[in-house]
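Biologist: I would be grateful for a close look at one part of this model, with an account of how that part relates to the rest of the chain. Please proceed from the surface towards the interior.

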Amino acid sequence: GSNQAYLKSLQEMLELFPDQRDALHNTLHVMERCQVKMDFDTVHLPHFDLPEGFHHADEYLRVLADQGAIRRFGEISQTVRDRLDHELEIIGQMGYSDYFLIVWDFVRFARDQGIPVGPGRGSAAGSLVAYCLYITNIDPLRYGLLFERFLNPARITLPDVDMDFCYHRRNEVIEYVVEKYGADRTAQIITFGTLKARAAVRDVARVMGVPLRKADAIAKAIPFGESLTSALSTIAELRHAYDHDEESRRVLDTAQYLEGFPRHASTHAAGVVIAPRPLELDMPLGKPESDKVVTPLVTQYPMGILEEMKFLKVDFLALRNLSVIQATVNSVESLHGITLDMDRTPLDDAETYKNIFHAGLTGGIFQFESEGMRRLLQDFQPETLEHLTLLNAMYRPGPMQYIPQFIRRKQGKEK
């Protein structure tokens with residue numbers, strides 16, 4: 001019932017506390033000292049420690065890329081040379097050589113420790129430099145992938161390579177990064193869970209003392225994942241409760257206001273920020289509450305703000321598939337004495353296409369396990385990786401309608 005819940009003026013405070021003038025003046029001194037300037041122009045990229053004999057990151061990156069190109073291709077053809085020179089020029093021009101060296105270093109550490117690393121995905125697979133540094137294992141020249149999708153001077157954002165590591169050993173890589181760049185300069189990133197429609201209704205109803213059964217009925221009437229605004233316009237049962245019951249209306253009005261507000265904080269599943277100086281100089285920090293968090297600090301700014309402030313963010317993703325594959329490789333070696341190298345697995349093995357893809361036995365193969373996709377594989381009878389890529393691209397709304405026509409043409413029944 002108070003009418004005092006507002007920030008009072010200086011004059012009001014002096015009238016309320018005439019005998020506390022020193023304390024009031026001290027609050028002004030504190031205020032004047034709180035000059036916070038947010039820097040959205042500087043790219044906060046750590047410098048990579050170069051080996052002796054090198055004076056610039058560009059120079060070291062070029063040497064590593066050339067060495068990697070020779071290992072990858074045997075010799076550097078003119079096509080490879082031109083593409084490498086083009087990419088290295090853009091990387092150097094944008095000031096991102098240190099970034100590539102940082103990523104190369106922790107991926108190299110993971111491989112040296114026998115930690116399974118994903119072959120690369122997303123736009124980073126378009127970089128020949130990343131391929132030559134063994135950050136990715138997909139040849140962009142073979143598949144016609146574009147470097148400009150990953151990095152180009154017209155798009156001034158930090159590059160972003162999503163790295164997949166074995167689910168059980170991902171934390172070892174993060175620990176290596178913390179040790180190398182400093183516990184005060186690395187932190188996992190906070191994320192905020194927001195109030196969804198159903199949760200907002202239940203929280204509001206609990207605070208208002210609405211009976212649990214009634215609150216449950218209102219919440220369950222909202223389709224999963226739908227907003228309250230949408231649900232009120234499409235669900236007759238919910239609209240009826242809103243129009244004819246005062247208590248339900250109060251709950252729904254309040255919940256509608258609160259929907260989308262942050263409800264709780266947790267730690268981003270993969271994101272780690274690496275900075276050139278102690279993070280406390282640029283952002284608020286917190287201690288992790290969960291024992292699953294590897295870094296000793298957690299940022300109190302979420303991902304979007306860190307990206308706007310141009311901080312280096314790396315996604316260390318823990319992928320169960322890599323753990324399953326590694327366990328299979330280990331089993332084959334221990335049971336049959338055969339050593340498999342997944343990075344050298346042939347992609348043109350006829351028996352694999354015939355016995356697995358032609359038969360539609362693709363349960364557990366990402367993007368190929370749905371019933372519709374299995375039928376498509378049986379009808380199309382793919383024979384190359386390019387066929388699988390094409391089917392993956394076509395099996396979605398839009399191009400899907402052309403699939404029967406496409407199969408007839410593949411079978412020679414149509415031009």
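Modeller: Glu289 sits in the loop that runs between strand E4 (285-286) and strand E5 (298-302). In this predicted model, the residue is exposed, because its relative accessible area is 85% and the exposed class begins over 50%. A second loop position may be set beside it. Leu340 is placed in the loop between helix H15 (320-336) and helix H16 (350-357). Leu340 has a relative accessibility of 39% and therefore counts as partly exposed. Along the chain Glu289 and Leu340 are 51 residues apart, and their C-alpha atoms are separated by 40 Å. Leu340 also belongs to a nonpolar surface patch of about 340 Å², which it makes together with Ile325, Ile338 and Met342.

A third loop residue is Asn152, found between helix H7 (140-143) and E1. Asn152 has a relative accessible area of 17%; it is buried because that value falls under 20%. A polar atom of the Asn152 side chain lies 2.8 Å from the backbone oxygen of Glu148.

From the loops one may turn to the interior. The largest nonpolar core has 55 residues, and those that touch the most other members are Phe100, Phe106, Met163 and Phe316. Several elements give two or more residues to this core, including helix H3 (57-73), helix H4 (78-94), helix H5 (97-112), helix H8 (170-181), strand E1 (162-166), strand E3 (262-274) and strand E6 (312-319). The largest share comes from H5, with 10 residues. Phe100 illustrates the packing: leaving aside neighbours within four places in sequence, Phe100 is in contact with Leu61, Ile91, Ser127, Val129, Ala130, Leu133, Ile135, Phe150 and Leu151. There is also a second, separate core of 20 residues, with Ala200, Leu232, Leu238 and Ala255 among them.

The charged side chains complete the picture. Side chains of opposite charge can pair when their charged atoms come close. The structure holds 29 salt bridges. In one of them, the side chains of Arg62 and Asp85 meet at 2.9 Å, N to O. Arg62 lies in helix H3 and Asp85 in helix H4, so this pair ties together parts that are 23 residues apart in sequence. Arg62 is partly exposed at 32% relative accessibility, and Asp85 is likewise partly exposed, with a relative accessible area of 28%. A further salt bridge, also 2.9 Å from N to O, joins the side chains of Arg81 and Asp66. Here Arg81 belongs to helix H4 and Asp66 to helix H3, so the pair ties together parts 15 residues apart in sequence.

Within helix H5, Asp105 and Arg108 lie 3 residues apart, about one turn of the helix. Their side chains meet in a salt bridge of 2.5 Å, N to O. Asp105 counts as buried because its relative accessibility is 2%, whereas Arg108 is partly exposed, with a relative accessible area of 31%. As for the two pairs between helices H3 and H4, salt bridges that share partners join Arg62, Asp66, Arg81 and Asp85 into one network.

Key:
Residues numbered from 1 in each chain as written. Predicted model: local features only at pLDDT ≥ 70, side-chain atom pairs only at ≥ 80, totals over all residues. Heavy atoms only, no water. Core = buried A, V, L, I, M, F, W, Y, C linked by side-chain atoms within 4.5 Å. Buried < 20%, exposed > 50% of the residue type's maximum accessible area, 1.4 Å probe, protein only. Helix = DSSP H or I, 4+ residues; strand = E, 2+ residues; numbered from the N terminus. Contact = heavy atoms within 4.5 Å. Polar contact = N/O pair within 3.5 Å; in protein donor to acceptor, adjacent residues only side chain to side chain. Patch = residues over 30% accessible without salt bridge, like charges linked within 9 Å, V, L, I, M, F, W, Y side chains within 5 Å. Areas by Shrake-Rupley, 256 points an atom, 1.4 Å probe, with all protein chains shown as cover. Salt bridge = Lys/Arg side-chain N within 4 Å of Asp/Glu carboxyl O.
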